[in-house]
Amino acid sequence: RANIQSKKIDKLSDYNTGIGSFDLKASHLVYVKTEVADPFELYSADAVIQNPRRVSSFNYDWVKDKQLSFPEKHEFKNDKGETVEYWAMKPINYEAGKKYPLLLDIDGGPSAMWGPGESSMWHEFQFFCSKGYGVVYCNPRGSGGYGLDFLRANINDWGTGPTSDVLSALDKAVSQEGWADTSKLVVSGGSYAGYLVAWIIGHDHRFKAACSQRGVYDLSTFFGEGNAWRLVPSYFGGYPWETAAKANLNRESPIAYVENITTPYIIFHGENDRRTGFVQGEMLYRSLKVLGRPVEYVRHPGATHEITRSGDNRQRIDQMLRTYEFFERWLNKS
């Protein structure tokens with residue numbers, strides 16, 4: 001709530017919930033709230049979100065009988081002195097002294113911001129925790145919500161800097177939590193995070209398997225394929241035909257390091273994805289096939305960039321199950 005005269009801002013909701021939408025009439029507020037314990041329900045309250053009353057049961061009755069994993073928040077200073085927040089989630093049925101596989105899940109954007117009130121990853125986080133995985137996620141440099149300097153800290157640096165942040169979060173979670181099996185690490189991400197997964201496995205070989213969805217892998221062709229093409233001049237200082245920008249785009253493109261990728265890799269794209277362009281996925285897949293690397297590619301018919309978020313439910317389920325099967329196959333390969 002902002003007071004226009006005094007310019008004073010009051011925080012009415014907490015940092016562990018997300019408010020998806022709301023409407024206010026006089027002193028009566030109606031809003032959609034999502035949180036780990038109860039995703040996406042309609043609430044009624046007064047104008048300052050006091051005396052809330054849940055008025056829907058889209059998920060409440062179903063979730064109340066389920067075992068859930070709740071994220072534990074941590075933070076660290078990166079190499080630029082910036083504070084990076086990250087969260088660790090234990091597997092369901094966690095037992096002290098046992099070791100578990102660990103999934104590093106990365107956010108996209110690159111200006112997205114994840115947290116306990118994040119709107120799209122509840123099902124994926126909980127699915128993997130229910131299957132005996134731990135989950136770690138963070139908001140690396142370039143994420144929104146932490147001020148302009150943090151948001152712009154990945155200018156001309158989509159790969160190395162953000163990789164340092166997400167791998168530092170992983171390392172700290174492994175060290176602090178003590179339950180992660182470092183021989184069973186996997187990594188996943190979509191859109192920009194699909195890019196970062198490809199970048200990471202082109203430079204680091206700790207993961208037993210990797211998954212990218214709807215990613216960008218060649219920044220020069222992305223300029224012509226995706227409707228998010230303005231990211232190219234905004235982040236890399238120009239256009240693909242300009243000398244300085246051309247060098248930046250080549251250096252920052254995961255496809256330039258494809259020969260270094262040996263991690264088993266599953267790649268997803270929607271055939272009607274206009275945000276990143278499905279040829280991005282096909283080019284990376286074909287390159288890895290020619291190189292004889294362990295790779296699989298899934299192109300979902302009619303799917304858009306929303307394939308793992310608000311797309312067709314059957315395709316979302318298919319994507320999760322295929323990813324889980326792929327991870328299990330390579331984690332348990334002798």
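Accessible area here is the Shrake-Rupley area, taken with a 1.4 Å probe. On that footing, the chain in this predicted model exposes about 15800 Å² of surface, and carbon and sulfur atoms account for 51% of that figure. Half the story lies inside: of the 334 residues, 50% count as buried.

The overall build comes next. The fold is made of 10 helices and 12 strands. Its C-alpha trace spans about 60 × 50 × 45 Å along the principal axes. A compact globule of 334 residues would have a radius of gyration near 20 Å, and the 21 Å found for the chain agrees with that. As for how the chain folds back on itself, take the contacts between residues at least 6 apart in sequence: 64% of them join residues at least 24 apart.

Helix H10 is worth a closer look. It runs over residues 313-331, 19 residues in all, and reaches 27 Å from its first C-alpha to its last, close to the 27 Å expected at 1.5 Å a residue. Its buried residues are Gln315, Arg316, Gln319, Met320, Thr323, Phe326, Phe327, Trp330 and Leu331. These cover an arc of only 140° around the axis, so they sit on the same side of H10. The pattern fits the usual helical geometry: with 3.6 residues a turn, residues three or four places apart point the same way. A good many elements meet the buried residues of H10, namely helix H2 (122-130) and the strands E7 (100-106), E9 (180-190), E10 (209-213), E11 (265-270) and E12 (295-300). At the N-terminal end, H10 is capped by Asp312, which has a side-chain oxygen 2.8 Å from the backbone nitrogen of Arg314.

Helix H9 (residues 279-290) also has its buried residues on one side. With 12 residues, H9 reaches 16 Å between its first and last C-alpha, close to the 16 Å expected at 1.5 Å a residue. Gln280, Gly281, Leu284 and Leu288 are buried in H9. The arc they cover is only 100° around the axis, which puts them on the same side of the helix, while Arg286 and Val290 are exposed on the other side. Cover for the buried residues of H9 includes helix H5 (192-201), H6, E11 and E12. After H9 comes Gly292, with a positive phi near 75°.

The loop between E10 and helix H6 (219-225) holds Arg214 as well as Val216. Arg214 is not a glycine, yet its phi is positive, about 45°. Its relative accessible area is 5%, which is under the 20% cut-off, so Arg214 counts as buried. Val216 is buried too, with a relative accessible area of 5%. Beyond its neighbours within four places in sequence, Val216 is in contact with Ser191, Tyr195, Phe222, Pro254, Thr276 and Gln280, the last of these being one of the buried residues of H9. Val216 and Asp107 are 109 residues apart in sequence, and their C-alpha atoms are 14 Å apart in space.

Two other backbone details round things off. Lys7, in the segment before strand E1 (18-25), has a positive phi of about 60° without being a glycine. Unlike the buried Arg214, Lys7 is exposed, at 72% relative accessible area. Then there is the peptide bond from Gly109 to Pro110, which is cis with omega near 10°; Pro110 lies in the loop between E7 and H2.

Terms used
Residues are numbered from 1 along each chain as its sequence is written. This is a predicted model: local features need pLDDT of at least 70, side-chain atom pairs count only at pLDDT 80 or more; totals for chains, interfaces and linings use all residues. Side-chain values use heavy atoms; hydrogens and water are left out. Helices (H or I, at least four residues) and strands (E, at least two) are DSSP runs, numbered from the N terminus. The expected span of a helix is 1.5 Å times one less than its number of residues. Buried means under 20% relative accessible area, exposed over 50%, partly exposed in between (1.4 Å probe, protein chains only). The arc is that of the directions from the helix axis to the C-beta atoms. Contact means heavy atoms within 4.5 Å. A polar contact is a pair of N or O atoms within 3.5 Å; within protein, one must be able to donate a hydrogen and the other to accept it, and residues adjacent in sequence count only if both atoms are side-chain atoms. The radius of gyration is taken over C-alpha atoms; the globule rule is 2.2 Å times the number of residues to the power 0.38.
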